[in-house]
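Let's take a walk through this protein together. Have a look at the chain below, and then we'll go through it piece by piece.

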Amino acid sequence: MASSAPLTTYASLISTFTDFLTVAIHTILYERAIYPQTSFLSARKYNYPVRQSRHPKVCQWINDAVSAVEAELLTCSVDRVAIVIYAPESLGNKPLERFMFDVSRFPVIPAGEATTPFERTPGNVVVDLE
C-alpha cells in the first residue's frame, strides 16, 4: 500500500483517494469474511492497523479494479464508486451489501490539467496526509 503525496494537484488527490480505496476494499473483504481471514496479514496505514489480503490473485484483482476507477476519476466523469457484495449464485446472486464512495464534490478540471497545482487562496491549505 503506497504512501500518499501532499494534495497539491488533481492527480495527487486521485492518487490519495485510490490508495484509500485499496485499503477500504481489503478491509471490506476481511470484515465481511469474503475470503478466509487467515489469508490476510496485518498492516498499518494512516497510523491505524488494517488487514491486507496476501493472496496474489485477490491483490491483483483489487489493483486492477482500483486502476480502472482511477482512470475514470482522472476524466472527471465519476460521481460515486460502489463496492457491492453479492450473495452466492446458489442463493440467487442478489446484492447483499453496498458501500458507496461519493466523489461528486471532487473538483472538475479540464483535460490535461491533472498535474497543474491547485490555486492557493486565503484559507486554502495544502494537506499532507502522511
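## The overall layout

This is a predicted model, and its protein chain has two helices and four strands. Starting at the N terminus, you meet them in the order α-β-β-α-β-β.

The chain has 130 residues, and 32% of them count as buried. Its accessible surface adds up to about 8600 Å², with 54% of that belonging to carbon and sulfur atoms. Now think about contacts between residues at least 6 apart in sequence: 57% of these join residues at least 24 apart.

## A helix with two sides

Let's zoom in on helix H2, which covers residues 56-73. Its 18 residues reach 25 Å from the first C-alpha to the last, close to the 26 Å expected at 1.5 Å a residue.

Which residues of H2 are buried? They are Val58, Cys59, Ile62, Val66, Val69 and Leu73. These residues cover an arc of only 95° around the axis, so they sit on the same side of H2. Flip to the other side of H2 and you find Pro56, Lys57 and Trp61, which are exposed. As for what the buried residues of H2 pack against, the partners are H1, strand E2 (48-53) and strand E3 (80-86).

## Two salt bridges

Side chains of opposite charge can pair when their charged atoms come close. How many salt bridges does the count come to here? The answer is two.

One of them joins Asp19 and Lys45, whose closest N and O atoms are 2.9 Å apart. Asp19 belongs to helix H1 (residues 10-31) and Lys45 to strand E1 (residues 40-45), so this pair ties together parts that are 26 residues apart in sequence. Are these two buried or exposed? Asp19 is buried, with a relative accessible area of 9%, and Lys45 is buried too, at 6%.

Glu97 makes a salt bridge with Arg32, and here the closest N and O atoms are 2.8 Å apart. Glu97 is in strand E4 (residues 95-102), while Arg32 is in the loop between H1 and E1, so the pair links parts that are 65 residues apart in sequence. Glu97 counts as partly exposed, with 27% relative accessibility. Arg32 counts as partly exposed as well, at 41%.

## Rings meeting rings

Time for the aromatic side chains: a search of the whole structure turns up five aromatic pairs. Among them is the edge-to-face pair of Phe20 and Phe101, with 6.1 Å from centre to centre and 75° between the planes. Phe20 is in helix H1 and Phe101 in strand E4, so to speak a link between distant parts of the chain, 81 residues apart. Phe20 is partly exposed, with a relative accessible area of 37%, whereas Phe101 counts as buried at 15% relative accessibility.

Tyr30 and Phe40 also form an edge-to-face pair, with 5.4 Å centre to centre and 70° between the planes. Since Tyr30 lies in helix H1 and Phe40 in strand E1, the pair ties together parts that are ten residues apart in sequence. Tyr30 counts as buried at 14% relative accessibility, and Phe40 is buried with a relative accessible area of 5%.

Which residues form one aromatic cluster? Phe17, Phe20, Tyr46, Phe101 and Phe106 do. You've already met Phe20 and Phe101 as an edge-to-face pair.

Technical notes: Residues are numbered from 1 along each chain as its sequence is written. This is a predicted model: local features need pLDDT of at least 70, side-chain atom pairs count only at pLDDT 80 or more; totals for chains, interfaces and linings use all residues. Side-chain values use heavy atoms; hydrogens and water are left out. Buried means under 20% relative accessible area, exposed over 50%, partly exposed in between (1.4 Å probe, protein chains only). Contact means heavy atoms within 4.5 Å. Accessible areas come from the Shrake-Rupley method with a 1.4 Å probe; for residues, only the protein chains shown count as cover. A salt bridge is a side-chain nitrogen of Lys or Arg within 4 Å of a carboxyl oxygen of Asp or Glu. The expected span of a helix is 1.5 Å times one less than its number of residues. The arc is that of the directions from the helix axis to the C-beta atoms. Rings of Phe, Tyr and Trp (its six-membered ring) pair if their centres lie within 6.5 Å; planes under 30 degrees apart count as stacked, over 60 as edge-to-face and the rest as tilted.
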